[in-house]
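Welcome to this tour! Open your viewer, keep the selection box handy, and follow along one stop at a time.

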Amino acid sequence: SSKISNTIERMVRVITNLRYFSRDASRDPLLETPIKEIIDQALSFTKARFNISGVDIQVGEIPDRTILCRPVLIIQALMNLLNNAFEAVAQNPAEKWVKIEVKNNEE
């Protein structure tokens, strides 16, 4: 059935992404990477956990800018920050939210 095929395709994508983002990327080349792409990738790995626990993820306006970086390392770091934030707020009965904002240091 198409539902089974879609589920299998999704599982393959998740496994492929996990293998890619869980590796040692310290020797990857520096790349001009859109900030939005980095945030979207990190959220794709953490969003389900937040949703299941009722923790709201608020994403502010993301500027259309790039940064020179090793994308996998930045995504891994952002995922760690999101997971730490989740742990800090998940048990709070009053306010269960995490906000991501991108600030411009040049202003």
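**First stop: E101**

Select E101, which lies in the segment after β4; helices (H or I, at least four residues) and strands (E, at least two) are DSSP runs, numbered from the N terminus. E101 has a relative accessible area of 45%, so E101 is partly exposed: buried means under 20% relative accessible area, exposed over 50%, and partly exposed in between (1.4 Å probe, protein chains only). Now add P63 to the selection: the C-alpha atoms of E101 and P63 are 9.9 Å from each other, although 38 residues separate them along the chain.

Before moving on, a word about what you are viewing: this is a predicted model, where local features need pLDDT of at least 70 and side-chain atom pairs count only at pLDDT 80 or more, while totals for chains, interfaces and linings use all residues. Residues are numbered from 1 along each chain as its sequence is written, and side-chain values use heavy atoms, with hydrogens and water left out.

**Zoom out**

Switch to a cartoon view. You should find three helices and four strands, arranged along the sequence as α-β-α-β-β-α-β. Of the 107 residues in the protein, 23% are buried.

**Two helices side by side**

Next, select α2 and α3. How are they packed? Their axes are 9 Å apart and meet at an angle of about 30 degrees (axes are lines fitted to C-alpha atoms, for helices over the stretch in contact, and angles run from 0 to 180 degrees between N-to-C directions). That angle is why α2 is roughly parallel to α3, a label for angles under 35 degrees (over 145 is roughly antiparallel, 65 to 115 roughly perpendicular, and the rest oblique).

Show the side chains where the helices touch (contact means heavy atoms within 4.5 Å). On α2, the residues include I38, A42 and F45, and on α3 they include I75, L78 and F86.

**A residue on α3**

Select N83, which sits in helix α3. Is N83 buried or partly exposed? N83 counts as partly exposed because its relative accessibility is 24%. Beyond neighbours within four places in sequence, N83 contacts T46 and R49.

**Into the core**

Finally, select F50, V55 and L82: they have the most contacts inside the largest nonpolar core, which has 18 residues. Such a core is a set of buried Ala, Val, Leu, Ile, Met, Phe, Trp, Tyr and Cys residues joined through side-chain atoms within 4.5 Å. Helices α2 (35–52) and α3 (71–89) and strand β4 (97–100) each supply at least two of its residues.

End on V55. Not counting residues up to four places away in sequence, V55 touches F50, F86, V89, A90, K96, W97 and V98.
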